[in-house]
Amino acid sequence: HAVITDHSQYLKVANGLTPERLAQQKLDVYAFNEKNPDFRLYHGTEMDILPDGSLDFEDDVLKELDFVIASIHSSFTQSQDKIMARLKTAVENPYVHMIAHPTGRIVGERGGYDPDVALLIDWAAEHGKIVELNANPYRLDLCIEHLQLAMEKNVNVAINTDAHAIDQLRFMDIGVKYAQKAWLKKELIVNTWSKEQFEAFIKR
């Protein structure tokens, strides 16, 4: 099984989907599942947490999706308090399942938006959210030290290729090796779950 999570409408540079295009994509996903009974594709979004702290889609859009990722792609220079307030909105939303690339870092280019990662992991533990290990070699976000923190708090981690093209799916190997460096426990890694475990989690 796999999840399709295109960017939401705010991210114009990534051709983000409007609610209308998202609804059309859902039909395409259902059609795929009809034709391929041995493989389950889930329908989701990578939704922006906007600079003003609101979320890019309303709850009535989110509740129709199987899996919702929330992430920051803008206004990195805001104060840590503002960044944390934005992340808190996402963590507290009942329809959000995962926080993506939680620091926004690009290896060798930028340090990210400097969140209080320990606090974010505490919130993820409290609200039962997944945090991402972004396997893109330019991201590797969360880093090893933060992944170990997540493990101590029993927070689930998803190894995500962040693939924007098919050839980038190969980044999964990098993500797995990085998770091994952090000695992550298998049962906390979402990618190891059975279809039944995954569905039980997303339906809560």
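Here is a quick tour of the side-chain pairings and backbone oddities in this structure, which is a predicted model.

**Aromatic rings**

Let's start with the rings. Searching the whole structure turns up 5 aromatic pairs. One of them is made by Y42 and F198, which sit edge-to-face with 5.1 Å from centre to centre and 65° between their planes. Y42 belongs to strand 2 (residues 41-48) and F198 to helix 7 (residues 195-202), so this pair ties together parts of the chain that are 156 residues apart in sequence. Y42 counts as buried, at 1% relative accessibility. F198 is buried too, with a relative accessible area of 4%.

Another pair brings F76 and Y113 together: their ring centres are 4.8 Å apart and their planes are at 75°, so this one is edge-to-face. Here two loops are being linked. F76 is in the loop between strand 3 (67-71) and helix 3 (80-92), while Y113 is in the loop between strand 4 (98-99) and helix 4 (117-127), and the two residues are 37 apart in sequence. Y113 is buried, with a relative accessible area of 2%.

Back to Y42 and F198 for a moment: together with F67 they form one aromatic cluster.

**Salt bridges**

Now for the charged side chains. The count comes to 8 salt bridges. The table lists some of them.

| Lysine | Glutamate | Closest N to O distance |
|---|---|---|
| K26 | E64 | 3.5 Å |
| K88 | E92 | 2.8 Å |
| K203 | E199 | 3.7 Å |

What does the bridge between K26 and E64 link? It connects distant parts of the chain: K26 is in helix 1 (residues 19-35), and E64 is in the loop between helix 2 (59-62) and strand 3, 38 residues apart. K26 is buried at 17% relative accessibility, because the cut-off for buried is under 20%. Its partner E64 is partly exposed, with a relative accessible area of 44%.

The K88 and E92 bridge stays inside a single helix. These two residues are 4 apart in helix 3, so about one helical turn separates them. K88 is partly exposed, with a relative accessible area of 33%, and E92 is partly exposed at 43%. K88 has a second role to look at: it lies over the face of W123, at 5.7 Å from the ring centre.

Then there's K203 with E199. K203 is exposed, with a relative accessible area of 63%, whereas E199 counts as buried at 16%. Both belong to a network of salt bridges that links R40, K195, E199 and K203.

**Backbone oddities**

A few spots in the backbone are worth finding on screen. As background, most residues other than glycine have a negative phi, and most peptide bonds are trans.

Which residues does the cis peptide bond join? They are D141 and L142, and omega is about 15° there. L142 is in the loop between strand 5 (130-134) and helix 5 (144-152).

S75 is a residue other than glycine with a positive phi, near 50°. You'll find S75 in the loop between strand 3 and helix 3, the loop that also holds F76 of the aromatic pair with Y113. S75 is partly exposed, with a relative accessible area of 31%.

W183 also has a positive phi without being a glycine; the value is near 55°. W183 lies in the loop between helix 6 (171-181) and helix 7. Is W183 buried or exposed? With a relative accessible area of 69%, W183 is exposed.

**Around L41**

One last stop is L41, a residue of strand 2. L41 counts as buried, at 12% relative accessibility. Although L41 and H1 are 40 residues apart in sequence, their C-alpha atoms are 5.6 Å apart in space. And what is L41 in contact with, leaving aside its neighbours within four places in sequence? The residues are A2, I4, V29, F32 and N33.

Key: Residues are numbered from 1 along each chain as its sequence is written. This is a predicted model: local features need pLDDT of at least 70, side-chain atom pairs count only at pLDDT 80 or more; totals for chains, interfaces and linings use all residues. Side-chain values use heavy atoms; hydrogens and water are left out. Rings of Phe, Tyr and Trp (its six-membered ring) pair if their centres lie within 6.5 Å; planes under 30 degrees apart count as stacked, over 60 as edge-to-face and the rest as tilted. Buried means under 20% relative accessible area, exposed over 50%, partly exposed in between (1.4 Å probe, protein chains only). A charge sits over a ring if NZ of Lys or CZ of Arg is within 6 Å of the ring centre and within 35 degrees of the ring normal. A salt bridge is a side-chain nitrogen of Lys or Arg within 4 Å of a carboxyl oxygen of Asp or Glu. Contact means heavy atoms within 4.5 Å.
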